[in-house]
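Trainee: Got a minute? I'd like to go through this one with you.
Mentor: Sure, put it up and ask away.

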Amino acid sequence: MDIEHRDVDRWVAHLDETLSKAPKEVTQVVARGALNVKKDAQARAKRIGRHVRRYPYSIGYDLHQGLRGPVAEIGPEVGRGQGSLGGVLENGSPTSPPHPHMLPAGQAEAPRFAKALEDLAVKLLEGR
């Protein structure tokens, strides 16, 4: 097997360039996924009932860099609208049934998110 040194050098340079672009692009994919989950959860929460009509507007997301890359925290913000009701609405209580909206929104976005990350990996490795 003949491998020339400059072929390896070109390949290493290509990988370095690809990896330098990855954090920004992965952050964009994570942000888009978080926005999709937020909007879907809000739409589902609007169908819960009139007694919690301000609750959907408490659902938001925060994006930050973790040790392994971008992280999105999605959910109701306590202190904003009826955000403190999030746990009771999602999981129910002894006196009220659950109204799942966050988990189904995340599950609906998961395949699209995985596909977007796969497409990004292919795009970066092909150098497009």
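Trainee: Which residue does Gly66 stand opposite in strand 2?
Mentor: Gly69. Keep in mind that this is a predicted model.

Trainee: What joins strand 1 to strand 2?
Mentor: A hairpin, running through two residues.

Trainee: And in which sense do the two strands pair, parallel or antiparallel?
Mentor: Antiparallel, over eight bridges. Strand 1 covers residues 59-66, and strand 2 covers residues 69-76.

Trainee: New topic. How many residues does helix 3 have?
Mentor: It has 25, from 102 to 126. From first C-alpha to last, helix 3 reaches 35 Å. That is close to the 36 Å expected at 1.5 Å a residue.

Trainee: Where does helix 3 bend?
Mentor: At Ala110, by about 35°. A proline, Pro111, follows within four residues.

Trainee: Which residues of helix 3 are buried?
Mentor: Met102, Pro104, Ala105, Glu109, Leu120 and Leu124.

Trainee: What's in the largest nonpolar core?
Mentor: That core has 10 residues. Among them are Met102 and Ala105, along with Val37, Ile48 and Tyr55. Helix 1 and helix 3 are the elements that give two or more residues to this core.

Trainee: Which element gives the largest share?
Mentor: Helix 1, with three residues.

Trainee: Back to Val37. What is Val37 in contact with, leaving aside neighbours within four places in sequence?
Mentor: Ile74, Ala105, Gly106 and Glu109. Two of those names came up before: Ala105 and Glu109 are among the buried residues of helix 3.

Key: Residues are numbered from 1 along each chain as its sequence is written. This is a predicted model: local features need pLDDT of at least 70, side-chain atom pairs count only at pLDDT 80 or more; totals for chains, interfaces and linings use all residues. Side-chain values use heavy atoms; hydrogens and water are left out. The expected span of a helix is 1.5 Å times one less than its number of residues. The bend at a residue is the angle between axes fitted to the seven residues ending there and the seven starting there. Buried means under 20% relative accessible area, exposed over 50%, partly exposed in between (1.4 Å probe, protein chains only). A nonpolar core is a set of buried Ala, Val, Leu, Ile, Met, Phe, Trp, Tyr and Cys residues joined through side-chain atoms within 4.5 Å. Contact means heavy atoms within 4.5 Å. Two strands pair if DSSP finds at least two bridges between them.
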